[in-house]
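This report describes one protein chain for a reader who has not seen it before. The sequence and structure come first, and the text then goes through selected parts.

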Amino acid sequence: MFWGIADGLWAAPGLVARTLADLPSAVRRVPEALLDLGISALLLGFRRPAATLSLILLAIGGPIAAAAAAPLFRDIKATAFTGPRLQSASKPAPNRDLASRPAPPAPPEVASRLAALDPGFPRAVGIAVMDVQTGWIASVQGERPFPQQSVSKLWVALTVMDAVDAGRLSLDQAVTLTDADRSVFSQPITHLIENGVYQTSVGDLVQRALIQSDNAANDKLLALSGGPAAVQTFLASRGMSGIRLAEDQRQLQSRIAGLVWSPELSFYGAFEAARARLDPEARAASLAAYVENPYDGATPAAVVRALAALQRGELLSEASTRFVLDTLSRTSTGPTRLRGGLAPGWHAAHKTGTGQDFRGETFGLNDVGLVTAPDGRTYAVAVFAPQVPKASPDRLQVFQKVSSTIVEHWRGGQAPAFDPGSTTRAD
């Protein structure tokens, strides 16, 4: 019910915007087109003086005059704009395995406090915290692979942004979604598909996949980037071992439930109805197999190393790094997980993951991200809870206590105020 209302609220502005944009007005469009043309010419003159002057000379004096003045145009192009601008660095060079980098030992008080956070869930929780500046890592079950669920959308987004840096994709590149692109569970963008079509862009899909954890947006991005093999190639090229992506969300969620994906499952309620018809014991066995050997497994230590490398600008160009971090800072899911244990003045850029519910338990409750102190010091953090009782009072406290541990360490041992009542809010 909540998601249906939230999806409707998200869709409403888009419907209004499209309605206004589609209002036929020849009188409005002609002047706008002429204005756009004029502005484009001015921008070309200021931002591409060489091209502009070349075109003028080509029209007036012919190709010989244009060629003769080429050295002058190069000088103008080099000095035409000297103000500050966001530099898009070239594609970062491949890194050796991030896990092989030397690092100092973790502060004993951080390691001991994390080790004492065991909430008593049916399966052990994986935790890792890394100081981005110094490189130390404190972890619990840090080298064990855990189900990522929607945390894996981060690696898809990074692969897409790498393609943007390489010129294979662009953020403003048009993308058409159709009924064939529908996925499962949370996919608010599909509410915008009318008459079988919705026009959007690569940049919009990246933001929806990370901020709203939209499965349809993620699956479309995965297809555009070249599929799971392309993601694994990107991860390997940056030395990010210990992270795996097997398939898109609709394939993954079907497999976890014990179903085989088919397009018919994308229609409202069809997936849940098909899952309900499965033998309960067969479904339980499928979930257990997934948690024991997750197809989308990642180790907490590998995740914090990757997040730290992202923060340091080692994975993408500067422009793409800023775009991803800014987008992660606007994540709307899991507001009381890692964020719930931070003190005022702290900033978080994170990605959540939430698995399927069965017999009163959630199979995969995760949050990973970068938390930044008021003085700018940044920590990478990952918490993976593979099997969590829905009624447990520690369901969210384990995330919040990890965050508060980081805050306490930064403060020099002074623990921040912790409000257990905050765990009663939506996770």
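A residue is called buried when its relative accessible area is under 20%, exposed when that area is over 50%, and partly exposed in between (1.4 Å probe, protein chains only). Helices (H or I, at least four residues) and strands (E, at least two) are DSSP runs, numbered from the N terminus. This is a predicted model, in which local features need pLDDT of at least 70 and side-chain atom pairs count only at pLDDT 80 or more, while totals for chains, interfaces and linings use all residues. Residues are numbered from 1 along each chain as its sequence is written, and side-chain values use heavy atoms, with hydrogens and water left out.

The chain holds 15 helices and 12 strands. Of its 427 residues, 48% are buried. Contact means heavy atoms within 4.5 Å. Among contacts with a separation of 6 or more, 70% are between residues 24 or more positions apart.

**Helix H8**

Helix H8 covers residues 215–225, and 9 of its 11 residues are buried, so the helix is largely enclosed by the rest of the structure. The buried residues are Asn215, Ala216, Ala217, Asn218, Asp219, Lys220, Leu221, Leu222 and Ser225. They pack against helices H6 (153–166), H7 (202–212), H9 (228–237) and H10 (249–257), and against strand E4 (174–178). At the start of H8, a side-chain oxygen of Asp214 comes to within 3.0 Å of the backbone nitrogen of Ala216. Just after the helix, Gly226 has a positive phi of about 115°.

**H10, H12 and a loop**

Axes are lines fitted to C-alpha atoms, for helices over the stretch in contact, and angles run from 0 to 180 degrees between N-to-C directions. H10 packs with helix H12 (residues 280–292) at an angle of about 120°, their axes being 7 Å apart. Angles under 35 degrees count as roughly parallel, over 145 as roughly antiparallel, 65 to 115 as roughly perpendicular and the rest as oblique; H10 and H12 are therefore oblique to each other. Leu252, Arg255, Ile256 and Ala257 of H10 meet Arg283, Ser286, Leu287 and Tyr290 of H12.

Ser262 lies in the loop between H10 and helix H11 (270–276). Its relative accessible area is 22%, so Ser262 is partly exposed. From Ser262 to Gln251 there are 11 residues in sequence and 8.8 Å in space, C-alpha to C-alpha.

**Two sheets**

Strands of a sheet pair through backbone hydrogen bonds, either parallel or antiparallel. Here two strands pair if DSSP finds at least two bridges between them.

| Open sheet | Strands | Pairing |
|---|---|---|
| E2-E1-E11-E10-E7 | 5 strands | antiparallel |
| E8-E9-E12 | 3 strands | antiparallel |

In the sheet of 5 strands, the edge strands E2 (137–140) and E7 (347–354) each pair on one side only. Neighbouring strands of this sheet are turned by 5° against each other on average, direction ignored. Strand E1 (residues 126–131) pairs with strand E11 (residues 378–385) over 6 bridges in the antiparallel sense, and Val129 has Val381 in E11 as its bridge partner. Helix H5 (residues 108–115) lies across E1 and E2 and runs at about 15° to E2.

In the sheet of 3 strands, E8 (357–358) and E12 (388–389) are the edge strands, each pairing on one side only. E8 and strand E9 (residues 361–362) run antiparallel and are joined by 2 bridges. Phe358 stands opposite Glu361 in E9.

How values were computed:
Polar contact = N/O pair within 3.5 Å; in protein donor to acceptor, adjacent residues only side chain to side chain.
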